[in-house]
Amino acid sequence: MSVSRSSVQADNIAAFRRIIDAFSTADPDVIDELLAPDCIEHQRGNNPGSEGAKEVIRFLHRGMSDFSLTIEDLVADGDMVWTRNRARGVNTGRSWATRRPGRPSRSMSSTSGASRMGSSSSTGASRTSWA
C-alpha cells in the first residue's frame, strides 16, 4: 500500500503538535513515543535524544510555574515541520537567574523538526525574545 506525501505530512504535523503539547503538559511518555532516541536538540547545549528533550521540559517547568507552549504558526513541507511558538509562565525564580521571581514571562521561539520513519530525528529552537 502506497502512502501519499500529504498523508505523511499530516502525520508529521500531528506528531509535532503532540510534541509541543508535551512541553506544556510535561508528559514524558509522549516524548518517549515520538522522539527518536538519537534525535538532536539544537539549543543551549542540551543533551541528545529523548532524554535531553525531557531535561529541557523539566528545566522549563522548574523555572516557570504554569508553563505553556502554544503554536502560533506552523509550516510543513515533506518531512520537515516548522513552528513559531509562544512560551508563557510565571517565573518562580528556581531556574531563571536573570528574571525577577513572580513576574509573568513570555517568549517567542521558532522550532523545527525532521521526521524519520515516524519519529522526530531533529528538533531545534531559537529563543527570539523574553518579556
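1. Accessible areas here come from the Shrake-Rupley method with a 1.4 Å probe, and for residues only the protein chains shown count as cover. On that basis, the accessible surface of the protein is about 7,300 Å², and carbon and sulfur atoms account for 52% of it.

2. A word on the ground rules: this is a predicted model, in which local features need pLDDT of at least 70, side-chain atom pairs count only at pLDDT 80 or more, and totals for chains, interfaces and linings use all residues. Residues are numbered from 1 along each chain as its sequence is written, and side-chain values use heavy atoms, with hydrogens and water left out.

3. How far does the predictor trust its own work? pLDDT is its confidence in each residue, from 0 to 100. The mean for the protein is 74, with 64% of residues at 70 or more. Among the elements, helix H2 (residues 28-34) has the highest mean, 89, and strand S5 (residues 119-130) the lowest, 45.

4. Please go gently with two stretches. Residues 115-121 stay under 50 in pLDDT, and the model gives them 23 contacts (heavy atoms within 4.5 Å) beyond four places in sequence. Residues 125-131 also stay under 50, with 25 such contacts. Where pLDDT is low, the predicted coordinates should not be read in detail.

5. Now the overall layout. The protein has 3 helices and 5 strands, taken from DSSP runs (helices are H or I of at least four residues, strands E of at least two, numbered from the N terminus). Along the sequence the pattern is α-α-β-α-β-β-β-β.

6. Of the 131 residues, 40% count as buried, meaning under 20% relative accessible area (1.4 Å probe, protein chains only). The largest nonpolar core (buried Ala, Val, Leu, Ile, Met, Phe, Trp, Tyr and Cys joined through side-chain atoms within 4.5 Å) has 23 residues, and Ile19, Phe23, Ile31, Leu35, Phe67 and Leu69 have the most contacts inside it. Helix H1 (5-25), H2, strand S1 (35-41), helix H3 (49-63), S2 and S3 each give two or more residues to this core; H1 provides the largest share, 7 residues.

7. Phe67 is worth a look on screen. Setting aside neighbours within four places in sequence, Phe67 touches Phe23, Ser24, Leu60, His61, Ala87, Arg88 and Gly89.

8. Lastly, the S2-S3 hairpin. Strands S2 (residues 64-77) and S3 (residues 80-91) run antiparallel, joined by 11 bridges; pairing requires at least two bridges found by DSSP. Asp73 stands opposite Arg84 in S3. The hairpin has 2 residues between its strands, and Gly78 takes a positive phi near 60°.

Methods
pLDDT is the predictor's confidence in each residue, from 0 to 100. Buried means under 20% relative accessible area, exposed over 50%, partly exposed in between (1.4 Å probe, protein chains only).
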